[in-house]
Amino acid sequence: MNMTPHIEVNTASARAPTGEVKMKARDVSVFYGDKQALFDVSLDVPARAVTALIGPSGCGKSTFLRCINRMNDSIPGAKVSGSIEIDGEDVNDRGLDPVLLRARVGMVFQKPNPFPKSIFENVAYGPRIHGLATSQSELEGVVETSLKRAGLWAEVADRLHQPGTGLSGGQQQRLVIARAIAVHPEVILMDEPCSALDPIATARVEELIDELREEYCIVIVTHSMAQAARVSQVTAFFHLGKLVESGATDEIFTNPRDSRTQDYITGRFG
Ligand code: ADP
């Protein structure tokens with residue numbers, strides 16, 4: 001079928017990375033009580049790249065994301081089967097401490113959620129509890145580096161001891177990203193990280209995501225196909241709890257294999 005793509009793909013970055021696989025999901029199913037929300041999802045997630053999860057509301061994107069850092073563990077009645085390996089280690093291994101897992105797998109939510117503490121303390125908290133700094137000056141160094149990496153340092157250097165909640169929404173989201181990277185995660189999960197932000201703050205966070213992919217494996221849930229096309233190298237399309245297809249973002253947006261993907265990206269449903 002002839003198709004006019006609606007979505008502008010960032011051709012400079014939307015090609016599939018050729019390097020190593022960081023994460024392997026195999027036959028991941030999730031039930032909430034009797035209701036099955038995910039059906040046998042298998043997906044390879046590349047290192048040092050952004051993988052976008054797209055699909056209509058309720059198709060299981062967030063559910064899948066929450067499997068990666070075991071956040072479904074805390075939902076009563078939720079049952080997860082299958083495996084997700086990060087560098088060969090199953091995140092569901094009973095011997096793996098969820099607190100350590102969540103340091104390895106950072107999470108950024110839809111609504112920025114800084115702690116009700118100073119900007120400095122927001123970033124210093126993780127390195128302190130994980131023993132990543134042995135002195136106050138080392139801790140200050142980690143905070144500064146993380147804020148710089150998150151593109152926020154210049155805006156907050158002179159008010160590090162003011163509350164994080166006093167920042168604008170976009171700054172708060174970058175603060176949360178600084179907090180996540182301060183503990184040197186391997187994977188960063190982002191669940192619609194820009195949906196509460198204005199277009200300028202969104203562009204700033206998207207730029208940051210693009211910079212961070214050089215170092216991290218990033219998985220982002222987005223309801224915006226335009227955003228997926230701008231920031232990701234790999235796109236996975238979910239529908240009714242199933243992973244319909246995944247592949248290089250430019251392929252998914254210009255030449256999808258499945259008619260459901262095609263219908264979604266051309267705006268026929270969603
Ligand atoms: P998406 O992120 O694609 O919008 P979700 O993963 O949030 O989809 O939801 C997938 C399905 O699982 C939906 O039918 C939703 O209603 C259901 N669901 C999600 N979270 C819960 C929960 N905590 N309890 C019960 N059902 C849930």
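Biologist: What makes Cys-194 count as buried?

Modeller: This is a predicted model, and in it Cys-194 has 7% relative accessibility. Buried means under 20%, so Cys-194 makes the cut.

Biologist: And why is Cys-217 called buried?

Modeller: Same kind of check. Cys-217 comes out at 2% relative accessibility, so it counts as buried too.

Biologist: How do you know that Cys-194 is too far from the closest cysteine sulfur for a bond?

Modeller: Look at the sulfurs. The closest one to the sulfur of Cys-194 is in Cys-217, and it sits 18 Å away. A disulfide needs two cysteine sulfur atoms within 2.5 Å, so that pair is too far apart for a bond.

Biologist: What about Cys-217, where is its nearest cysteine sulfur?

Modeller: That one belongs to Cys-67, 15 Å away, and Cys-217 is in no disulfide. For the whole structure, the disulfide count is 0.

Biologist: OK, on to helices. Why is H6 called roughly parallel to H7?

Modeller: H6 covers residues 169-181 and H7 covers residues 199-212; their axes cross at roughly 20° and come within 9 Å. Angles under 35 degrees count as roughly parallel, so H6 and H7 get that label. The crossing itself is right-handed.

Biologist: Which residues make the contact?

Modeller: On H6, they are Gly-170, Gln-173, Arg-174, Ile-177 and Ile-181. H7 brings Ala-201, Arg-204, Val-205, Leu-208 and Leu-212.

Biologist: How many of those are nonpolar, polar or charged?

Modeller: The contact of H6 with H7 has 6 nonpolar residues, plus 2 polar and 2 charged ones.

Note on methods. Residues numbered from 1 in each chain as written. Predicted model: local features only at pLDDT ≥ 70, side-chain atom pairs only at ≥ 80, totals over all residues. Heavy atoms only, no water. Axes fitted to C-alpha atoms, helices over the stretch in contact; angles between N-to-C directions. Helix = DSSP H or I, 4+ residues; strand = E, 2+ residues; numbered from the N terminus. Parallel < 35°, antiparallel > 145°, perpendicular 65-115°, else oblique. Left-handed = near helix turned anticlockwise from the far one by under 90°. Contact = heavy atoms within 4.5 Å. Nonpolar A, V, L, I, M, F, W, Y, C, P; charged D, E, K, R; others polar. Buried < 20%, exposed > 50% of the residue type's maximum accessible area, 1.4 Å probe, protein only.
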